[in-house]
Amino acid sequence: MQTIRAAWENGRVPETTSRSLLADQTAAWQRLLVHPFVTETSAGSLPPATFDRWLVEDYFFVRTFHSFLKELSAVAPDSDARAILAGGLAALGPELALFEREAAARGLDLSTEPSLLNLGYSSYLLASVAEGWPVGITVLYAVERAYYDAWASVRDTTSPATPYAEFIANWSSPEFASYVDRLAWLVDREEPTAPMRRAFYRVTRFELAFWDLAHG
Ligand code: MP5
């Protein structure tokens with residue numbers, strides 16, 4: 001039987017579901033990685049008011065995301081899937097605490113009404129669970145992969161002077177990388193379907209629009 005390494009060497013990389021979903025969105029994905037919100041956060045040149053706007057919006061998003069993860073866990077097909085999602089849920093406590101500390105230091109009101117875009121994206125997360133596990137896990141993978149790929153792409157060039165380093169580190173750490181790999185493994189157990197491709201497309205568009213909105 002041919003090994004994966006041999007397949008790589010022969011230029012025949014085995015097609016996995018996660019790779020195939022991502023390949024559909026190559027151009028938009030590239031725009032995520034070079035988005036000015038990401039590059040300016042990394043350089044430390046992002047205007048404080050822009051970061052503040054994003055922080056308040058993203059806090060609402062992450063809290064809804066917590067509910068989404070809990071609901072998705074309830075429809076997870078087996079204990080492997082439940083264990084991987086439990087790891088994601090456990091990481092959200094410290095993450096929300098980071099948002100709350102930063103908001104307090106910046107004098108921000110985290111109960112500010114979210115934008116309609118944010119409401120749409122957050123509501124979509126919750127609604128996707130009703131489409132069943134394959135779509136729900138695709139949504140989860142796409143959301144986390146977007147953040148990992150974007151923040152990891154600037155990790156090594158981040159200015160030591162950026163005031164946003166803790167946030168970049170949160171989504172570019174080796175622990176987060178291995179969580180995203182485990183999510184890819186869950187996606188790869190599924191055959192790609194049109195609803196999964198649509199879900200991946202939607203998350204990609206929402207992610208771009210979210211940063212466009214924050215960046216103004
Ligand atoms: C994430 C996020 C990453 N915080 N905000 C958006 C708009 N997309 C993705 O999710 P998490 O739960 O912070 O890892």
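**Exercise 1. Decide whether T204 is buried or exposed, and identify the residues distant in sequence that it contacts.**

Solution. T204 is buried, since its relative accessible area is 0%, and the cut-off for burial in this predicted model is under 20%. The next step is to place the residue, and T204 is found in helix α11. Once its neighbours within four places in sequence are left aside, T204 is in contact with Q25, A28 and W29. As a reference for distance, T204 and S111 stand 93 residues apart in sequence, and their C-alpha atoms are 26 Å apart in space.

**Exercise 2. Work out where the buried residues of helix α4 lie around its axis, and what covers them.**

Solution. Begin with the list: in α4, which spans residues 36-43, the buried residues are F37, V38, T41 and S42. Viewed down the axis of α4, these buried residues fall within an arc of 125 degrees, so they line one face of the helix. The spacing agrees with a general rule: an α-helix has 3.6 residues a turn, so residues three or four places apart point the same way. The cover over the buried residues of α4 includes α3 (26-33), α5 (48-74), α8 (133-155), α9 (165-170) and α11 (194-215). At the end of the element, α4 is followed by G44, which has a positive phi, near 85 degrees.

**Exercise 3. Find which residues T50 and F51 of helix α5 touch beyond four places in sequence, and state how accessible each is.**

Solution. Take T50 to start with, which is found in helix α5 and counts as buried at 7% relative accessibility. Not counting residues up to four places away in sequence, T50 touches F37, A214 and H215, and F37 is itself among the buried residues of α4. Turn then to F51, which also lies in helix α5 and counts as buried at 1% relative accessibility. With residues up to four places away again excluded, F51 touches L46, E102, R106, Y164 and F167. For distance along the chain, F51 and D80 are 29 residues apart, while their C-alpha atoms are separated by 37 Å.

**Exercise 4. Classify the packing of α5 against helix α6 by angle and by handedness.**

Solution. The axes of α5 and α6 (residues 79-106) are 10 Å apart, and the two helices pack at an angle of about 155 degrees. Because angles over 145 degrees count as roughly antiparallel, α5 and α6 are roughly antiparallel to each other. The crossing of these two helices is left-handed. Sorting the residues by class, the contact of α5 with α6 has 15 nonpolar, three polar and nine charged residues.

**Exercise 5. Describe the two crossings that α8 makes with α3 and with α11, giving the axis distance, angle and hand of each.**

Solution. For the pair α3 and α8, the axes come within 8 Å and cross at roughly 50 degrees, and that makes α3 oblique to α8. The crossing in which α3 passes α8 is right-handed. On the α3 side the contact is made by W29, L32 and L33, and on the α8 side by A142, R145, A146, D149, A150 and S153. By class, this contact of α3 with α8 has six nonpolar, one polar and two charged residues.

For the pair α8 and α11, the axes come within 9 Å and cross at roughly 35 degrees, and the crossing is again right-handed. The residues of α8 in this contact include A142, A146 and A150, while those of α11 include P195, M196 and W211. The residues of the contact of α8 with α11 divide into 16 nonpolar, one polar and one charged.

**Exercise 6. Establish whether L183 is buried or exposed, and which residues distant in sequence it contacts.**

Solution. L183 lies in helix α10, residues 174-188, and is buried, with a relative accessible area of 0%. Leaving aside neighbours within four places in sequence, L183 is in contact with I84, L85, I137, L140, Y141 and E144. By contrast of position, L183 and P163 are 20 residues apart along the chain, and their C-alpha atoms are separated by 30 Å.

Notes: Residues are numbered from 1 along each chain as its sequence is written. This is a predicted model: local features need pLDDT of at least 70, side-chain atom pairs count only at pLDDT 80 or more; totals for chains, interfaces and linings use all residues. Side-chain values use heavy atoms; hydrogens and water are left out. Buried means under 20% relative accessible area, exposed over 50%, partly exposed in between (1.4 Å probe, protein chains only). The arc is that of the directions from the helix axis to the C-beta atoms. Contact means heavy atoms within 4.5 Å. Axes are lines fitted to C-alpha atoms, for helices over the stretch in contact, and angles run from 0 to 180 degrees between N-to-C directions. Angles under 35 degrees count as roughly parallel, over 145 as roughly antiparallel, 65 to 115 as roughly perpendicular and the rest as oblique. A crossing is left-handed if the near helix is turned anticlockwise from the far one by less than a right angle, and right-handed if clockwise. Ala, Val, Leu, Ile, Met, Phe, Trp, Tyr, Cys and Pro count as nonpolar, Asp, Glu, Lys and Arg as charged, and the others, Gly among them, as polar.
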